[in-house]
Each structure stands twice: as C-alpha cells, then as structure tokens.
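Let's take a walk through this one, starting from a single side chain and working outwards. Keep the viewer open as you read.

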Amino acid sequence: MAAEALARDWAAANSIAGGPSLEALSPEAGGLPVTRLSWTAPRCRPVVVYRVEGGGHGWPGGPQYLPARLIGPVDRHLDATGILLELARREIPPGAGR
C-alpha cells in the first residue's frame with residue numbers, strides 16, 4: 001500500500017523507529033471497517049493513517065459520486081473532513097493567521 005509506505009517514510013524522517021500501533025475502529029451500522037495506524041515517539045510529531053477496508057476511490061464521509069461498481073464504495077461514516085479539521089485545530093496556534 002503506497003500510503004502506508006509513505007507514512008513509514010515520514011515516521012522515519014520524524015525520528016520515529018519501529019512499526020505503527022494498530023487500532024480497529026468499530027464501524028457504524030452500514031460502515032466499512034477502519035483501522036487507524038499510528039507511528040508515535042516522545043517529542044516527535046505523530047504520523048497517522050486511516051485504512052478503510054474495502055473502500056473505493058472517494059472521500060470518506062463524502063457522497064457516493066459514481067456507482068460503487070465503478071469506483072468502489074465510499075464510506076459515509078468516517079468523517080475525513082472532521083479528522084483534518086481536528087488536526088488543524090490541534091496543530092495551528094490560536095490566533096495564527098488572523
């Protein structure tokens with residue numbers, strides 16, 4: 001998987017040794033299974049990947065913009081936008097850019 005290989009490279013660049021911790025997230029009714037892979041170490045920025053098992057080529061939480069038979073299923077229960085906004089909330093200092 002290219003995303004996991006890239007995440008391993010980022011973790012190594014952030015001086016994080018070893019493999020990721022794995023956390024299986026419970027799918028909501030009708031949702032696809034999701035695994036969160038996290039590379040962490042003290043005083044290092046974490047590297048996190050959400051792996052949607054059986055997911056297609058779409059934005060998690062977004063619309064099924066083409067039939068699943070063409071692009072695979074889009075998980076409507078994992079909120080990728082919310083994950084990114086929470087990351088920005090944690091990483092951007094209050095008042096920055098105002």
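**Starting from a buried acid**

E4 is buried, its relative accessible area being 12%. Bear in mind as you go that this is a predicted model.

So who does this acid pair up with? The side chain of E4 meets that of R51 in a salt bridge, at 2.8 Å from N to O. E4 sits in helix α1 and R51 in strand β3, so the pair ties together parts that are 47 residues apart in sequence.

R51 has another partner too: it forms a salt bridge with E53, where the closest N and O atoms are 3.0 Å apart. E53 counts as partly exposed, at 32% relative accessibility. Through shared partners, the salt bridges join E4, R51 and E53 into one network.

Now step over to R36 and E23, whose side chains also meet in a salt bridge, this one at 2.7 Å from N to O. Here, too, distant parts of the chain get linked: R36 belongs to strand β2 and E23 to strand β1 (residues 21-25), 13 residues apart. Both ends are partly exposed, with a relative accessible area of 22% for R36 and 39% for E23. If you want to hunt for the rest, the structure holds six salt bridges.

Next, the greasy side of things. Which residues make up the largest nonpolar core? There are seven of them: A7, A11, I16, L37, W39, V47 and V49. Helix α1 and strands β2 and β3 each supply at least two residues of this core. For a way in, try centring the view on A11: setting aside its neighbours within four places in sequence, A11 is in contact with I16, W39 and V47.

Finally, have a look at the open space. The largest pocket has a volume of about 850 Å³, and 30 residues line it. Among these, V48, V49, Y50, I83 and L84 lie nearest the centre of the pocket. V49 is worth a second glance, as it is also one of the residues of the largest nonpolar core.

Where does the lining come from? α1 (2-13), β3 (47-52) and α3 (80-91) each supply at least two of its residues, and α3 gives the largest share, seven residues. By class, the lining of the largest pocket has 20 nonpolar residues, along with three polar and seven charged ones.

Put the pieces side by side and some elements keep coming back: α1 and β3 hold the two ends of the E4 and R51 pair, feed the largest nonpolar core and help line the largest pocket.

Conventions. Residues are numbered from 1 along each chain as its sequence is written. This is a predicted model: local features need pLDDT of at least 70, side-chain atom pairs count only at pLDDT 80 or more; totals for chains, interfaces and linings use all residues. Side-chain values use heavy atoms; hydrogens and water are left out. On a 1 Å grid over the protein atoms alone, a cavity is a set of points where a 1.4 Å probe fits but cannot get out, and a pocket is an open set with protein on both sides within 12 Å along at least five of seven lines; lining residues have an atom within 4 Å of a point. Grid points are joined across faces, edges and corners, and a volume is the space filled by probe spheres set on the points. Helices (H or I, at least four residues) and strands (E, at least two) are DSSP runs, numbered from the N terminus. Ala, Val, Leu, Ile, Met, Phe, Trp, Tyr, Cys and Pro count as nonpolar, Asp, Glu, Lys and Arg as charged, and the others, Gly among them, as polar. A nonpolar core is a set of buried Ala, Val, Leu, Ile, Met, Phe, Trp, Tyr and Cys residues joined through side-chain atoms within 4.5 Å. Buried means under 20% relative accessible area, exposed over 50%, partly exposed in between (1.4 Å probe, protein chains only). Contact means heavy atoms within 4.5 Å. A salt bridge is a side-chain nitrogen of Lys or Arg within 4 Å of a carboxyl oxygen of Asp or Glu.
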